[in-house]
Amino acid sequence: MITGISIYEILTVTSILFFIGVYGFITRTNLISILISVELILNASVVNFVIINKYLFPEVLQGVYFSIFIIAVAAAETALAVSIIINLYRQISSVEVKDIETMKY
Amino acid sequence: MNYSSFLLMRQEIALLAIILLLVIAEIFIPRDRKVSIIHLTIFLFGIHTIVGFFHMDENNLFGGMFRTNHLIHFFKNILNIGVLILLLQSADWIQEKILNQNKGSEFFILMFSSLLGIYFMISAGDFLMFYLGLELSTLPVAALAAYETMKRISSESGIKLILSSALASGVSLFGISMLYATTGSIYFNEIVQIISSTNLTLLGMVLLFAGISFKISLVPFHFWTADVYEGAPISVASYLSVISKGAAVFILMVLLFTVLKPLAHIWENIIYMIAIATMFIGNLFALRQQNMKRFLAFSSIAQAGFILLGLIGQSPTGTATVVYFVLIYIFSNLAAFGVVQAISLQTGKENIKDYEGLYRTNPNLSLVLMLALFSLAGIPPVAGFFGKFFLFTAAASKGFFLLVFLAVVNVTISLYYYLLVIRAMFLRKGDNPIPFFKNKIYMRIGLVITVLGILLLGIYSPLYDYIYELSSTFN
């Protein structure tokens with residue numbers, strides 16, 4: 001619990017973070033930037049879980065545990081995505097979205 | 001601590017043991033005899049499938065995080081049979097293309113890890129287990145999609161799958177956090193007592209639904225499907241379209257019928273709209289496909305739309321029909337993908353145009369593909385007809401007549417494009433038809449099992465009664 005800051009302010013921040021992530025996912029043209037946007041979305045959920053647990057239901061620690069698992073899974077996800085991107089880079093020497101459009105419609 | 005209660009996780013423990021055995025086998029089997037890993041895997045997984053049919057009790061473990069009942073157990077067995085057929089069909093591909101790159105056993109390890117995630121996902125009792133199962137079932141498949149590291153389209157499909165699935169899981173996590181905010185719990189049986197239709201709950205439900213719809217490839221979230229299916233190896237595409245989709249349908253059904261049951265009047269509308277959109281878009285886009293894998297991808301999107309008709313009924317009949325349809329869908333779709341894989345492995349051809357005159361050169365394969373497409377289209381003597389018929393009955397018995405009418409219109413559209421492929425095989429004389437070839441033993445066994453399933457499942461009525469009995473205890 002942070003004195004002087006209510007849950008509304010923090011939830012507003014996480015919602016903004018979430019939508020920045022969604023916006024970035026749609027508009028970015030670099031695969032690494034898209035990956036960073038996904039991380040923003042996941043981190044918004046992590047903060048959400050911790051804050052909801054701390055402010056609303058402090059007696060049970062379900063949200064905090066959940067957030068730890070999300071962080072671990074997000075790391076695995078990023079590692080896998082980066083490894084696939086590296087493999088792609090070896091073949092086409094580019095990480096731009098416009099270069100991975102051989103399959104369409 | 002009573003260790004015998006761990007027997008409820010028998011399937012998971014057995015599968016984990018197989019994965020570990022494969023890791024050890026990979027270390028100790030010398031490089032020139034790696035072929036034996038394929039035989040070992042199929043043997044071990046065959047035993048696992050047979051042992052799975054033994055009786056299992058119904059109970060909860062870990063304070064309700066993990067639960068199992070007869071329907072869940074039965075569904076795991078269905079998935080086991082599907083994966084076994086898939087292994088039989090992909091054995092030749094692994095032996096010819098993958099083993100010489102010395103990465104044969106990783107294929108099995110990744111696929112079994114994904115299956116393990118699916119097990120945990122469908123028997124999840126809280127959102128943490130559900131989320132972990134969902135991720136464990138998705139991430140290895142993304143690695144598998146990018147498995148042919150020498151091919152550019154394989155890497156492309158892998159990156160498309162991993163990025164979109166990461167977005168989907170992020171969105172559904174945000175939804176889960178909102179459900180947690182309004183109910184104060186992540187356990188299914190605690191949430192269902194408190195949940196009510198406030199605005200925040202509804203937003204959470206919609207976001208969660210979006211995340212799962214991605215796995216089933218329902219329409220606003222279907223854009224990854226065709227690209228990933230085309231680029232990925234065929235066995236991975238069929239895993240995605242059959243096993244992964246079937247499991248996601250099951251967990252969606254569990255969530256809607258148990259956790260979100262108090263919000264039924266709202267999610268019924270969502271499913272109504274999405275079912276119509278999915279059927280029409282899937283079918284209309286399938287009409288213009290030239291590549292067989294893309295064609296099957298859009299056909300599987302349309303089939304997912306039909307499955308939603310069973311969910312909207314929200315009754316024991318609905319549950320039974322969905323499970324029954326998924327069972328039939330596994331056999332029909334695996335038969336279609338099996339034939340595509342056999343032809344692609346021998347000749348490298350994947351376009352519908354290349355299939356012209358297939359009946360003259362390879363009559364058996366074209367008969368299998370014809371049966372599979374008839375079953376997907378729902379033509380009476382084969383099993384697919386009964387699956388669709390029960391789905392439509394379940395929706396019509398709840399009064400959704402317009403929806404059933406639109407579904408029947410869609411069945412007619414789908415009949416057209418399935419018959420296009422059959423016409424190419426039987427009536428056209430191609431300039432350059434695929435030469436005759438003989439399949440190896442594993443592929444033949446895999447195709448024979450699927451054909452038996454397509455022919456017998458529809459006629460053998462005690463099976464439906466059995467599923468109905470299981471699902472009445474479930475609701």
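Student: How many helices and strands does the secondary structure of chain A come to?

Tutor: In this predicted model, chain A has three helices and zero strands. Read along the sequence, its pattern is α-α-α.

Student: What makes a stretch of chain A count as a helix?

Tutor: A helix is a DSSP run of H or I with at least four residues. Chain A has three helices, so three of its runs meet that rule.

Student: How do you know whether chain A fits the radius of gyration of a compact globule?

Tutor: The rule is 2.2 Å times the number of residues to the power 0.38. For 105 residues a compact globule would be near 13 Å, but chain A has 17 Å. The C-alpha trace spans about 50 × 25 × 25 Å along its principal axes.

Student: What makes a residue of chain A buried, and what percentage of the residues is buried?

Tutor: A residue is buried if 20 or more other C-beta atoms lie within 10 Å of its own. In chain A, 30% of the 105 residues are buried.

Student: Which elements of chain B give two or more residues to the side that touches chain A?

Tutor: The contact takes 31 residues from chain B and 33 residues from chain A. On the chain B side, those elements are helix 5 (127-145), helix 6 (152-183) and helix 9 (223-231). Helix 6 of chain B gives the most, with 17 residues.

Student: How many residues of each class are on that side of chain B?

Tutor: The side of chain B that touches chain A has 18 nonpolar, eight polar and five charged residues.

How values were computed
Residues numbered from 1 in each chain as written. Chains lettered and ligands numbered in written order. Predicted model: local features only at pLDDT ≥ 70, side-chain atom pairs only at ≥ 80, totals over all residues. Contact = placed C-beta atoms within 7 Å. Nonpolar A, V, L, I, M, F, W, Y, C, P; charged D, E, K, R; others polar. Buried ≥ 20, exposed ≤ 12 C-beta atoms within 10 Å, placed from the backbone.
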